[in-house]
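Look over the structure and its sequence before reading on. This report takes up pockets, cavities, a helix pair and two points in the backbone.

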Amino acid sequence: MTANIVSYSNKDVATVFDAIADLLEIDDANPFRVRAYRNASRTMENLDDEALSMIEQGRDLTEVPGIGKELAAKIETIVATGTVKALEELQQKIPAGVVEMLRLPGLGPKKVKTLYQDLGVTSLEQLDAAAAEGKVQALPGMGARTEEQIRKAVAARVATGDRILRAEATPTVERVLDVLKQAEPRAKLTVAGSYRRSRDTVGDLDILAVSKKPETLMDAFVAMDGVADVQAHGSTKSSVRLNAGLQVDLRVVARASFGAALHYFTGSQAHNVAVRRRAQKMGLKLNEYGLYRGEKQVAGATEIDVFEALELTYVEPELREDAGEIDQAEEGGLPKLVAQKDIKGDLHAHSTASDGRNSIREMATAAREQGYTYLAMTDHSKRLTVANGLDEGRIEAQMEEIDAINATLDDFTILKGIETDIMDDGSLDISDDVLSRLDIVVASVHHRFKLSREEQTERVMRAMDNPYFNVLGHPTGRILLEREPYEIDIPRIIAHAAERGCCLELNANPLRLDLHEKYCRQAMEQGVLISVNTDAHSTQQFDNMVHGIGQARRGWLEKKHVLNTRSLPQLRKLFKAMRG
Ligand code: DGT
Ligand code: CA
Ligand code: CA
Ligand code: ZN
């Protein structure tokens, strides 16, 4: 029996088509077939209607330009199962290690094919060894640089293991909860682990249930679509590995133990150890079944009960890292963490004027639908030619365009802004005269990542000294699981921002989540406001705010520490003060 309640989106279909194209290319297939899958992938990404709803409405997928009978049939299968025979056959044929090589940054199918076919490399270890011996740079189309990049990428992959972005795991969490809910509507279900703590990446998923019918839940769980491998199948614990590689654990616990189990499996491990130590000091014993005095359970049904019995106020999951939260909970001094509803607007977004996908008006409408009262349009500036960055003349035209749109909006304001590039010498790439007429200036580093720590720090500090500088965009440039932050002394940047009275961004794009939580906390302690922005390049990306909020909460931020919780008049006042 398969529980066929899971559904897949156009984006999932596009991912499958891309994977097929990659593997076909490695397999030396006919280039026309490769291109057909690539085109189909792009078609699916850009399709306005979800294939699933088209099918449900009885519409024929072949009405989509570029989709013939064969592809339409594949789309139907993928939407229903998440995969398709063509992909599975290729996955059988090509070693898993080769597929893994594809996921390394900087390695596309062409290079992977060469490495696989010319060097016979079939795992990351072999790849690293070949690179170490200088065999990679001898290959056509590769040089010493590629070789060095490969070694770095392998090292980074080994360091992060098989973690995936939390945001990437969200659809899986929802699907699994959905399957379980359908199997046993009366079960109580929650996700625990690093996912619940809103970590930027997760190693695996931990799901907890209370149910009178554990077998029914477990059977549905191991029979879900997308399960590649069942590692355990019991009545209290089951574990599966999904096709995408992610592991999911499901535990069923007694109602009286639910709170203790939720606390235990939420972690972090360091937090658990510290809380257990506290329990011991109080003559109690804490484990995943409950809090005990001798044989008697004194708490366990809810987390609140457990904390209360330990004379602690409730600790939000995001704070459970053994970073001072237990002392604060004892004193009743934990922060009231910022929440999505506190956010009044987004201060970093792009339109079609640079590299965004929607017009300013569309972006404003979508921001308003988020419940916001303002949105700053901060398109790229002229140095970033690849993103069609705006020069002074285009900025002035955009200011007029914004005035015209604002005149038609009565309870919403578009702020005029720019994401200006920080140049090599720390100057900004837009003239002060134009900057002075904008409402907000976000400044970012988009090139010369390789400067020394000293040089990079000073470059950014000089940019902050510009009188029109408001917010430092994505302050460290990291791309999760892909690119390390550039060398920069963030504590010095924070101190400088405190002195200068300007702000740092927490970029909410789930690939960035930049500024890191520990620096958010440092900035907050020094009175530097953090602006939680999505950097949206399309109307949908405003939804990324939730990821930024998760990271902000992990950084102990309250509403008052976040710039864009301010009302528009308050915001304007702050910006005015920044210009001194
Ligand atoms: P992950 O999966 O690597 O992103 O991180 P977590 O925190 O989800 O870790 P995971 O899945 O290994 O275990 C879930 C939670 O269970 C963890 O946060 C704390 C608890 N836990 C697991 N193993 C131990 C242990 O050996 N000792 C203690 N005190 N807690 C543990
Ligand atoms: Ca986990
Ligand atoms: Ca786990
Ligand atoms: Zn940027």
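## The second largest pocket

In this predicted model, the second largest pocket holds about 1,400 Å³ of space. Its lining is made up of 38 residues. Closest to the centre are Glu-482, Arg-483, Glu-484, Pro-485 and Tyr-486.

Which elements give two or more residues to this lining? They are α9, residues 144-160, and α22, residues 517-525. Helix α9 has the largest share, with nine residues. Sorted by class, the pocket lining has 17 charged, 14 nonpolar and seven polar residues.

## The largest cavity

How many cavities of 30 Å³ or more does the structure hold? There are three. The largest of these cavities contains about 60 Å³ of space. Its lining consists of Ala-260, His-263, Tyr-264, Asn-272, Arg-276, Leu-286, Asn-287 and Glu-288.

Three elements give two or more residues each to that lining: α13 (258-266), α14 (269-281) and β8 (285-287). The top contributor is α13, with three residues. By class, this lining has three nonpolar residues, three polar residues and two charged ones.

## The second largest cavity

The second largest cavity has about 40 Å³ of space. Seek out the residues around it: Arg-361, Ala-364, Thr-365, Arg-368, Ile-405, Leu-409 and Phe-412.

Which helix gives the most to this lining? The answer is α17, which spans residues 360-369 and provides four residues. Sorted by class, the lining of the second largest cavity has four nonpolar, two charged and one polar.

## Two helices that cross

Now turn to a pair of helices. Helix α1 covers residues 10-26, and helix α7 covers residues 109-119. Their axes come within 8 Å. The crossing angle is roughly 40 degrees. Because of that angle, α1 counts as oblique to α7. An angle counts as roughly parallel when it is under 35 degrees, and as roughly perpendicular from 65 to 115. The crossing of α1 and α7 is right-handed.

Which residues meet here? From α1 come Asp-22, Glu-25 and Ile-26. From α7 come Pro-109, Lys-110, Val-112, Lys-113, Tyr-116 and Gln-117. By class, this contact has four nonpolar, four charged and one polar residue.

## Two backbone details

Where is the cis peptide bond from Gly-267 to Ser-268 placed along the chain? Ser-268 is in the loop between α13 and α14. Both of those helices also help to line the largest cavity. The omega angle of this cis bond is near -5 degrees.

The other detail is at Asp-28. This residue is not a glycine, yet its phi is positive, at about 65 degrees. Asp-28 is in the loop between α1 and α2, and α2 covers residues 31-46. Helix α1 is the one that crosses α7.

## Putting it together

Keep a few pictures in mind. The second largest pocket takes nine of its lining residues from α9. The largest cavity draws on α13, α14 and β8, and the loop between α13 and α14 holds Ser-268. Helix α17 gives four residues to the second largest cavity. Helix α1 meets α7 through residues that include Asp-22 and Lys-110, while the loop between α1 and α2 holds Asp-28.

Terms used. Residues numbered from 1 in each chain as written. Chains lettered and ligands numbered in written order. Predicted model: local features only at pLDDT ≥ 70, side-chain atom pairs only at ≥ 80, totals over all residues. Heavy atoms only, no water. 1 Å grid on protein atoms, 1.4 Å probe; cavity = no way out; pocket = protein on both sides within 12 Å on 5 of 7 lines; lining within 4 Å. Points joined across faces, edges and corners; volume = space filled by probe spheres on them. Nonpolar A, V, L, I, M, F, W, Y, C, P; charged D, E, K, R; others polar. Axes fitted to C-alpha atoms, helices over the stretch in contact; angles between N-to-C directions. Parallel < 35°, antiparallel > 145°, perpendicular 65-115°, else oblique. Left-handed = near helix turned anticlockwise from the far one by under 90°. Contact = heavy atoms within 4.5 Å.
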